Amino acid sequence: MSSPVNHSDTGETLLEVKGLYVNRSGSAILKDIDLTVERGEFVGLVGPNGSGKSTLLLTIIGVLKAHKGTIEIYGQKPMSRKILGRIGWVSQAAANLPKHVRITVRELVRLGTLNLQNMLIFGGNKRRQKVQQAIEMVGLQDVANVDVSRLSGGQRQRAVIARALASDAELILLDEPLVGIDRNSRNSLLKLLDDLCHDKNKTIVMISHDITAIRQTAHRMIYLEETIRYDGDNDNFPDLTSLANLRGIAHVHDDIHSGDEHHHETNKEEE
Ligand SMILES: Nc1ncnc2c1ncn2[C@@H]1O[C@H](COP(=O)(O)OP(=O)(O)O)[C@@H](O)[C@H]1O
Ligand SMILES: [Mg+2]
């Protein structure tokens, strides 16, 4: 199944972040982030605790505001109507849905079709079909009518991914989806995500602190610690010692991308 690394064969830019700075409670969390993601890519986003990974994804979806810089998704600003439903968000908390909420897998996935755009274009049949397809894509057809609270952590994570798929999301952002699931479920979840990229042309950005696991699957790795310190092929992803050396050294990724044009015209001094 594993196809060659070729994450930009469509050349269609889906996400473009330029010179992004984000503050939270008055402290600078992200600085000078430049990031371009093409359709069909599977990007692993790693970095130490508190390095700003969740902050970056939350800013991309528009929940947090940029202090400076720009984010474009299909050329649109985060949260703009034109991209409604095209981004799916899967958080770690999603796998820990409260046990007292009684909802079946199918009902949960149906929630994914509840956005304005889909309301207008989906008739009842079309909606049922979308929901069924999404459930099949993640392999939960046998438990479609089972209560979500009775699923394993890995199955719940799949159910939430199916909810994103039912909304026709093309860009799927996952924040630590591998936490709390066993090794087998982890591997099959990674395979599912890989298949979604290759077969369904989905684009995935996934945060994980499990560098080994994510390196097996992602086509491209980003190491974030306040700013992007590595962005490239997973084969050339630095080992732990080199990672430590990357810390604190400004604009290392300029060297890695030798020959690449970069947008550093607004360079800031690193404190
Ligand atoms: N709600 C918040 N208000 C203020 N600061 C926050 C908030 N959430 C996280 N932070 C801070 O932002 C930094 C980055 O956090 P986060 O993006 O969650 O990191 P990561 O996901 O890489 O572990 C941390 O220093 C954290 O303390
Ligand atoms: Mg986080």
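**Group meeting: a ligand shell, a mixed sheet and a well-covered strand**

Hi everyone, let me start at the ligand. Around ligand 1 sit Arg 24, Ser 25, Ile 29, Gly 47, Asn 49, Gly 50, Ser 51, Gly 52, Lys 53, Ser 54 and Thr 55. Please keep in mind that this is a predicted model. Which element gives the most to that shell? Helix 1 does, with three residues. By character, the shell residues divide into eight polar, two charged and one nonpolar.

Ser 25 brings us to the hairpin. Strand 1 and strand 2 form it with two residues between them, and Ser 25 in the turn has a positive phi of about 45°. The two strands, residues 13–24 and 27–38, run antiparallel and are joined by eight bridges. If you would like a spot to look at, find Val 17, which stands opposite Leu 35 in strand 2. Strand 1 has another partner too: five bridges join it to strand 4, residues 68–73, again in the antiparallel sense. There, Tyr 21 has Lys 68 as its bridge partner.

Now to the open sheet. It is formed by six strands in the order 5-6-7-3-8-9, with mixed pairing. At its edges are strand 5 (87–91) and strand 9 (227–233), each of which pairs on one side only. On average, neighbouring strands of this sheet are turned by 15° against each other, direction ignored. Helix 1, residues 53–61, packs on this sheet and touches strands 3, 5, 6, 7 and 8. Its direction makes about 150° with that of strand 6.

Where does the antiparallel sense come in? Strand 8, residues 220–225, pairs that way with strand 9 over six bridges. In that pair, Ile 222 stands opposite Asp 231.

My favourite piece is strand 7, residues 203–207. Is it buried or exposed? Five of its five residues are buried, so strand 7 is largely enclosed by the rest of the structure. Both faces are covered: Thr 203, Val 205 and Ile 207 are buried on one side, and Ile 204 and Met 206 on the other.

Strand 7 has parallel neighbours as well. Strand 3, residues 42–46, runs parallel to strand 7 and is joined to it by four bridges, with Val 43 partnered by Val 205. Strand 6, residues 171–175, is also parallel to strand 7, this time with five bridges, and Leu 174 has Met 206 as its bridge partner. Together with helix 7, residues 183–200, strands 6 and 7 make a right-handed β-α-β unit.

Before I stop, two backbone details in loops. Most residues other than glycine have a negative phi, and here are two with a positive value. Asn 201 lies in the loop between helix 7 and strand 7, and its phi is near 60°. Why does Asn 201 count as exposed? Because it has 12 other C-beta atoms within 10 Å, and a residue with 12 or fewer is classed as exposed. Met 79 is the other one, with phi near 70°, in the loop between strand 4 and strand 5. Met 79 also counts as exposed, because it has 12 C-beta neighbours inside 10 Å.

That is my tour, thanks for listening!

Definitions and conventions: Residues numbered from 1 in each chain as written. Chains lettered and ligands numbered in written order. Predicted model: local features only at pLDDT ≥ 70, side-chain atom pairs only at ≥ 80, totals over all residues. Buried ≥ 20, exposed ≤ 12 C-beta atoms within 10 Å, placed from the backbone. Pairing = 2+ DSSP bridges. Right-handed = clockwise from strand over helix to strand, strands pointing away. Axes fitted to C-alpha atoms, helices over the stretch in contact; angles between N-to-C directions. Contact = placed C-beta atoms within 7 Å. Near = placed C-beta within 6 Å. Nonpolar A, V, L, I, M, F, W, Y, C, P; charged D, E, K, R; others polar.
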